[in-house]
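Got your viewer open and a free hand for selecting? Let's take a walk through this one, stop by stop.

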Amino acid sequence: MSTPLPLRHGPVVCVGETMAALAPEPLGPLDHADLLRIDIAGAESNVALYLADHGIPARWLSAVGDDPFGRRVRDRIAAGGVDVNGVRTDPDRPTGLLLKDPGAHGTHVHYHRRGSAASALTPELLDDPAMAGAALLHLSGITPALSPGCHALVERALRPDRPCPVSFDVNHRPALWTGRPAGDVLRPLADRADIVLVGLDEAQALWGDGITDAEGVRDLLSGPQVLVVKDGDREATAFVGATAHRVPALKVRVAEPVGAGDAFAAGFLSGLLRHLPVERALRLGHLTAASALRVSADHGPLPDPERIGALLDADEEIWRAAVID
């Protein structure tokens, strides 16, 4: 099957906040850490970086503070081959910050992003010249949680008269929605996007345990032309209309799961932009997710191009037996 959307040539514009990220070095509980490593973290910029790794032109559109963290964020993303010319520097607000706290039951994240430069973004950001000629606009459910202005930005991006297709990764972050009904906000936003990515577990958390499988998510979100439901380390299902395409996940040596969803999104979108069949786009999503799973940072190196090519072409038996370590 060919690409399910008529995606034109052009850059993917990724809009959203990127923060400075502090994590224990070596990796362990934050309570006992003597040293912290400075990195960057942002769902949309992660997608942009992996798109650039795949040779897809990518732009990151956002705002940072006029501070060392903001300069580090901008420089790191630019060094990854992403166009950052549309990123604004706010002289009055700081760059957001997060602290990672790894533990036996996963990594807990502490956010310090209230009042950040990116939280002050408004719908007029979409008038920036960086939007010109975009093949796709990529957003996530993190942005509408940041402020009323950021919510309005996402609402405008999803208007019926939008100039290009929109992909939307639901990316539910419960800590950002304290006291607010995340599900009530994210469902109508997702249902208006052209391409949607969501985890089965987060769909259940947002919209009820009555959702037991990917088909249940599709029943809930019937609007997107393409809906991808990720079921952890088991499989991913892409619905194109009513037709389901399933590809099992790869076996991967996991260092930390943070960032894997963003990597999957970038791989899948890269496949669509390269006009790959849907099953191969899903495979490329799994292969890209493996890059994030193998490292403690949000962004890791892709597998060797020959390895990627061989696994994209592999038969079902070889794909199921493959191990990425």
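## First stop: the cysteines

A search of the whole structure turns up 0 disulfides. Keep in mind as you look around that this is a predicted model.

Select Cys 14 first. How far is its sulfur from the closest cysteine sulfur? The distance is 11 Å, to Cys 164, and since a disulfide needs the two sulfur atoms within 2.5 Å, that is too far for a bond. Cys 14 is also buried, with a relative accessible area of 0%.

Now jump to Cys 150. This one is in no disulfide either, the nearest cysteine sulfur being that of Cys 14, 16 Å away. Cys 150 counts as buried too, at 0% relative accessibility.

## Zoom out

Show the whole chain as a cartoon. You should find 10 helices and 16 strands. The radius of gyration is 18 Å, close to the 20 Å that the globule rule gives for 325 residues, so the chain is as compact as a globular protein of that length. Along the principal axes, the C-alpha atoms fill a box of roughly 55 × 50 × 40 Å.

Colour by burial next: buried residues account for 57% of the 325. Then think about the contacts: of those between residues at least 6 apart in sequence, 71% join residues at least 24 apart.

Switch on the surface, and you are looking at about 13,600 Å² of accessible area, 53% of it belonging to carbon and sulfur atoms. Colour by charge to pick out 31 positive and 43 negative side chains; the centres of the two sets lie 3 Å apart.

## Along helix H1

Select residues 43-53, which make up helix H1, and find Leu 49 there. Leu 49 is buried, at 7% relative accessible area. Which residues does Leu 49 touch, beyond those up to four places away in sequence? Show Arg 76, Ile 77, Gly 80, Val 82 and His 299. For a distance label, try Leu 49 to Asp 83: they are 34 residues apart along the chain, with 9.9 Å between their C-alpha atoms.

Stay in H1 and pick Val 47, which is buried with a relative accessible area of 1%. Val 47 takes you back to the opening stop, as its contacts outside the four-place window include Cys 14, along with His 138, Asp 262, Ala 265 and Ala 266. Label Val 47 to Phe 264 as well: 217 residues apart in sequence, yet 8.4 Å apart C-alpha to C-alpha.

## Over to helix H7

Select residues 260-273 for helix H7 and home in on Ser 270. Is Ser 270 buried or exposed? It counts as buried, at 0% relative accessibility. Leaving aside neighbours within four places, Ser 270 is in contact with Leu 51, His 54, Ile 56 and Leu 284.

## Backbone oddities

Most residues other than glycine have a negative phi, and most peptide bonds are trans. Here are some exceptions to click on.

- **Pro 26** sits in the loop between strands S2 (19-24) and S3 (36-41). A cis peptide bond joins it to Glu 25, with omega about 5 degrees.
- **Asn 171** is in the loop between strand S10 (166-169) and helix H4 (182-192). Its phi is positive, about 45 degrees, though it is not a glycine, and the residue is buried at 8%.
- **His 275** lies in the loop between H7 and helix H8 (278-293). This non-glycine has a positive phi of about 60 degrees and counts as partly exposed, at 42% relative accessibility.

Terms used:
Residues numbered from 1 in each chain as written. Predicted model: local features only at pLDDT ≥ 70, side-chain atom pairs only at ≥ 80, totals over all residues. Heavy atoms only, no water. Helix = DSSP H or I, 4+ residues; strand = E, 2+ residues; numbered from the N terminus. Rg over C-alpha atoms; globule rule 2.2 N^0.38 Å. Buried < 20%, exposed > 50% of the residue type's maximum accessible area, 1.4 Å probe, protein only. Contact = heavy atoms within 4.5 Å. Areas by Shrake-Rupley, 256 points an atom, 1.4 Å probe, with all protein chains shown as cover. Lys, Arg positive; Asp, Glu negative; His and termini not counted. Charge placed at Lys NZ, Arg CZ, Asp CG, Glu CD.
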